[in-house]
Amino acid sequence: MSSNEQRRQAAKSKLERQLARREEQARKRRTVAVTTTIVVVIAAVVGVYFLTRTGAGDNSAASAPPSSTATSEQSNSEQISIPTELAPAPSRPEPLPNQVSCTYRSKGEPAKQVEPPEDGKVSSKGTVQATIEANVGTIPITLDRSLAPCTVNSFVHLAESGFYNDTPCHRLSTSGLQMLQCGDPAGKGTGGPGYQFDDETYSDIQYGRGYLAMANSGADTNGSQFFIVYGEAPLQSNYTVFGTVSKEGLQVVDEVARAGHDGSFSRAGGGKPNKKVTFEKVAVQS
């Protein structure tokens with residue numbers, strides 16, 4: 001082979017190597033670009049996922065506990081499972097003294113003007129019959145002093161003062177925890193009577209259908225808000241039970257539950273009832 005032919009062959013080989021390197025570099029750049037695009041898309045999807053699940057929820061000053069299945073809560077009118085049997089009547093493992101001392105501490109501005117009950121001793125004996133007259137029907141309730149005398153004293157005081165008149169039930173939960181929460185005249189879950197008092201709980205409370213219990217925002221923060229348990233209630237013993245709801249009253253609550261809610265309490269679980277509930281009057285029988 002002549003020297004000219006050798007030079008041409010060497011130049012050709014060099015050019016082929018350069019082209020091969022350039023093609024390899026271009027392939028790597030394309031791979032990096034595709035990988036980066038995939039990562040960006042995945043990050044965007046993950047961001048949207050969490051943004052849609054971390055919106056504002058219930059910021060109540062007094063709230064019943066969160067539902068354990070808040071994300072699967074019923075948000076419209078669908079079939080739900082509601083027990084028909086009443087839970088066993090609540091009772092303390094050890095009876096209270098015949099009289100107990102109650103203290104009602106000032107706390108914030110009342111949602112509706114009302115004075116706190118007088119501090120002092122109240123009886124822990126007997127029951128009080130009361131009737132919640134609501135736009136959806138009549139809900140008879142029994143308040144039990146042997147369970148929570150200070151709570152019963154406060155509830156009777158608020159009812160007789162007209163505090164609960166024209167007050168909505170602002171939160172319904174239908175899954176995990178089945179309850180209807182009421183007692184804030186403002187209807188937002190943040191209002192109270194302008195005072196608080198201590199818990200009257202005891203160990204191993206088995207909450208169930210028909211129980212009346214106080215909502216709270218922590219230990220010893222009871223006010224005016226309470227909830228009616230109409231079904232499942234796997235709760236810790238942190239909520240003062242102060243009475244029961246009659247079978248007739250529970251049938252009214254059941255109809256509200258079956259109508260569902262709007263899902264607006266995303267963190268706490270549940271939402272505003274689709275079938276609006278307003279207490280027209282709470283009458284206490286003497």
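Is Asp-198 buried, partly exposed or exposed, and what is its relative accessible area? Select Asp-198 and colour by accessibility: with a relative accessible area of 39%, this residue is partly exposed. Keep in mind as you go that you are looking at a predicted model.

**Stop 1: the partner of Asp-198**

Now add Arg-105 to the selection. Its side chain meets that of Asp-198 in a salt bridge, at 2.8 Å from N to O. The two ends come from distant parts of the chain, 93 residues apart: Arg-105 belongs to strand β2 (residues 105-106), while Asp-198 sits in the loop between β9 (195-196) and β10 (211-214). Arg-105 is partly exposed, since its relative accessibility is 31%. The structure has three salt bridges, and the next stops visit the others.

**Stop 2: helix α3**

Select residues 247-258, which form helix α3. Try a distance between its end C-alpha atoms: they are 16 Å apart, in agreement with the 16 Å expected for twelve residues at 1.5 Å a residue. Next, highlight the buried residues of α3, namely Gly-249, Leu-250, Val-252, Val-253, Asp-254, Val-256 and Ala-257. To see what covers them, show strands including β5 (137-144), β7 (171-173), β8 (179-182), β11 (226-229) and β12 (241-245). Just past the helix, click on Gly-260, which has a positive phi near 80°.

**Stop 3: two salt bridges of α3**

Pick Asp-254 together with Arg-209: their side chains form a salt bridge of 2.9 Å, N to O. Asp-254 is in helix α3 and Arg-209 in the loop between β9 and β10, so this pair ties together parts 45 residues apart in sequence. Asp-254 is buried, at 5% relative accessible area, and Arg-209 counts as buried too, at 8%.

Then move to Arg-258 and Glu-255, whose side chains meet in a salt bridge of 3.1 Å, N to O. Both residues are within α3, three places apart, or about one turn of the helix. An α-helix has 3.6 residues a turn, so residues at three or four places' separation point the same way. Arg-258 is partly exposed at 34% relative accessibility, and Glu-255 is partly exposed at 42%.

**Stop 4: Leu-86**

Finally, which residues does Leu-86 contact, leaving aside its neighbours within four places in sequence? Select Leu-86, in the loop between α1 (3-51) and β1 (99-102), and show its contacts: Arg-209, Gly-210, Val-245, Lys-247 and Leu-250. With Lys-247, try a C-alpha to C-alpha distance: the two are 7.8 Å apart in space, although 161 residues separate them in sequence. Leu-86 itself counts as partly exposed, at 36% relative accessibility.

Key: Residues numbered from 1 in each chain as written. Predicted model: local features only at pLDDT ≥ 70, side-chain atom pairs only at ≥ 80, totals over all residues. Heavy atoms only, no water. Helix = DSSP H or I, 4+ residues; strand = E, 2+ residues; numbered from the N terminus. Expected span 1.5 Å × (residues − 1). Buried < 20%, exposed > 50% of the residue type's maximum accessible area, 1.4 Å probe, protein only. Contact = heavy atoms within 4.5 Å. Salt bridge = Lys/Arg side-chain N within 4 Å of Asp/Glu carboxyl O.
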